[in-house]
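Thanks for coming. I will put the structure up and then go through it piece by piece.

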Amino acid sequence: MKIKKPGDWVRHFETHGGGWKEPDWTDLPPSLLDVEKRILLANSLAIFQLGESGGGTRLRRFVRRTLEQADHRDDYLGDQHAVDLFLAEENEHARLLAELVGYLGGQLRQKHWMNGLFRKTRTLLGLEFNLQVLLTAELIAEVYYGLLYQRVPDPVIRTVCGRIVRDEVGHIGFHRSFFHWRQRTQLPGATVIWSLQFQFLFLVAETLVWRTHGACLGAFGIERSLFVHRARAVCRRFLEGLDGQSLAPEIGEQIPNPVLVENGAGR
Ligand SMILES: [Fe+2]
Ligand SMILES: [Fe+2]
């Protein structure tokens, strides 16, 4: 994945979802997962659903401010429309996850300590730090939805998680373009310090996510070592791609659209 420019991102968000078919929620047979797994998965997805919800007020404010600076014309903050499309895609994830929670017989949540911590942390050190916290969530999301896509034996879950993980790969590229343009004006030492603090932040997020969702992932045979291995690989790939070099496909990019509909969950 190469670094894209603002205009490319509008094109990406408008065209990349083609070929995916949403399950017909009004006419689905019940999930065949056993009750224990269904409860664990519904609870876990409900927490992610909460995280995907939200209007993007802070990000929009950041965009408004940075648009006033001429040196931001080249990164994604130079294109408010692309940011709107990105936020719309996250809201679509929240809607799809709400459908999945209902399909599994679970309840949506109004709050969870991890979501509260995530939102509070984002406001701690200014808006650029806010974007870093958001980015750690995107990286973890690629791992989480990717593992569910691969390991949960339910076509509806796989169809939706496959769709979301593909979107999340795009979101990671979207944020990568911002940090890439940002670091072009920094000295190498500052970039190293930024990378170290980001890796620390990521390790904290990885630990908290396993603590919260490990029981669910474990029920589907996903051990902590696999989760950690994937998470570190995704984080490493992000950091290595910051220099703008072309990379091999990410996990989500290896999921072709026909696979998402061949399982019979599409309408
Ligand atoms: Fe998302
Ligand atoms: Fe995302």
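**Cysteines, two iron ions and some salt bridges**

Let me start with the cysteines. There are zero disulfides in this structure, and what you see is a predicted model. Take C161: its sulfur has its closest cysteine sulfur in C216, 9.6 Å away, so the two are too far apart for a bond. For the comparison, a disulfide here needs sulfur atoms within 2.5 Å. C161 is buried, because its relative accessibility is 0%. C235 also counts as buried, in this case because its relative accessible area is 5%.

Now the metal site, beginning with ligand 2. Which residues coordinate the iron ion (ligand 2)? They are E90, E138 and E168, each through OE, and H171 through ND1, at 1.9 to 2.2 Å. The angles among the four donor atoms of this iron ion (ligand 2) run from 80 to 158°, and the site is irregular. As a reference, ideal angles are 109.5 degrees for four tetrahedral donors. Along the chain, the donors of the iron ion (ligand 2) are spaced as E-x47-E-x29-E-x2-H. Two of them, E90 in helix 4 (residues 80–103) and E168 in helix 7, are 78 residues apart, so this pair links distant parts of the chain. E90 and E168 are both buried.

On to the other ion. The protein donors of the iron ion (ligand 1) are E52, which appears with two OE entries, then E90 (OE), H93 (ND1) and E168 (OE). They lie 2.0 to 2.6 Å from the iron ion (ligand 1). The sequence spacing for the iron ion (ligand 1) reads E-x37-E-x2-H-x74-E. Why does the pair E52 and H93 tie together separate parts of the chain? Because E52 sits in helix 2 (residues 35–52) and H93 in helix 4, with their positions 41 residues apart in sequence. Both E52 and H93 are buried.

How far apart are the iron ion (ligand 1) and the iron ion (ligand 2)? The distance is 3.2 Å, and E90 coordinates both.

One donor deserves a closer look, and that is H171. H171 belongs to helix 7, which covers residues 155–183. H171 counts as buried because its relative accessible area is 0%. Besides coordinating the iron ion (ligand 2) through ND1, H171 has polar contacts from its side chain. One goes to the side chain of E90, at 3.1 Å. Another goes to the side chain of E168, at 3.0 Å. Both of these partners are themselves donors to the iron ion (ligand 2). Leaving out residues up to four places away in sequence, H171 touches F13, F86, E89, E90, H93 and E138. Of that list, E90 and H93 are donors to the iron ion (ligand 1), and E90 and E138 are donors to the iron ion (ligand 2).

Last topic, salt bridges. How many are there? The count comes to five, and I will go through some of them.

R95 takes part in a salt bridge with E22, at 2.8 Å from N to O. R95 lies in helix 4 and E22 in the loop between helix 1 (6–15) and helix 2, 73 residues apart, so distant parts of the chain are linked by this pair. R95 is partly exposed, because its relative accessibility is 35%. E22 is buried, because its value is 13%.

R95 also forms a salt bridge with E92, where the closest N and O atoms are 2.8 Å apart. These two are three residues apart in helix 4, which means about one helical turn separates R95 and E92. E92 is partly exposed, because its relative accessible area is 23%.

The next salt bridge joins the side chains of R232 and E206, again given as 2.8 Å, N to O. R232 is in helix 9 (residues 224–240) and E206 in helix 8 (residues 188–219), so the pair ties together parts that are 26 residues apart in sequence. R232 is partly exposed, because its relative accessibility is 42%, while E206 is buried at 2%. Returning to the earlier residues, E22, E92 and R95 are joined into one network by salt bridges that share partners.

That is what I have; I will take questions now.

Note on methods. Residues are numbered from 1 along each chain as its sequence is written. Chains are lettered from A and ligands numbered from 1 in the order in which they are written. This is a predicted model: local features need pLDDT of at least 70, side-chain atom pairs count only at pLDDT 80 or more; totals for chains, interfaces and linings use all residues. Side-chain values use heavy atoms; hydrogens and water are left out. Helices (H or I, at least four residues) and strands (E, at least two) are DSSP runs, numbered from the N terminus. Buried means under 20% relative accessible area, exposed over 50%, partly exposed in between (1.4 Å probe, protein chains only). A polar contact is a pair of N or O atoms within 3.5 Å; within protein, one must be able to donate a hydrogen and the other to accept it, and residues adjacent in sequence count only if both atoms are side-chain atoms. Contact means heavy atoms within 4.5 Å. Donors are N, O and S atoms within 2.8 Å of the metal (3.2 Å for Na, K and Ca); water is not among the atoms, so sites may look incomplete. Four donors count as tetrahedral if all angles lie between 85 and 135 degrees; four count as square planar and six as octahedral if opposite donors are over 155 degrees apart and all others between 65 and 115; anything else is irregular. A salt bridge is a side-chain nitrogen of Lys or Arg within 4 Å of a carboxyl oxygen of Asp or Glu.
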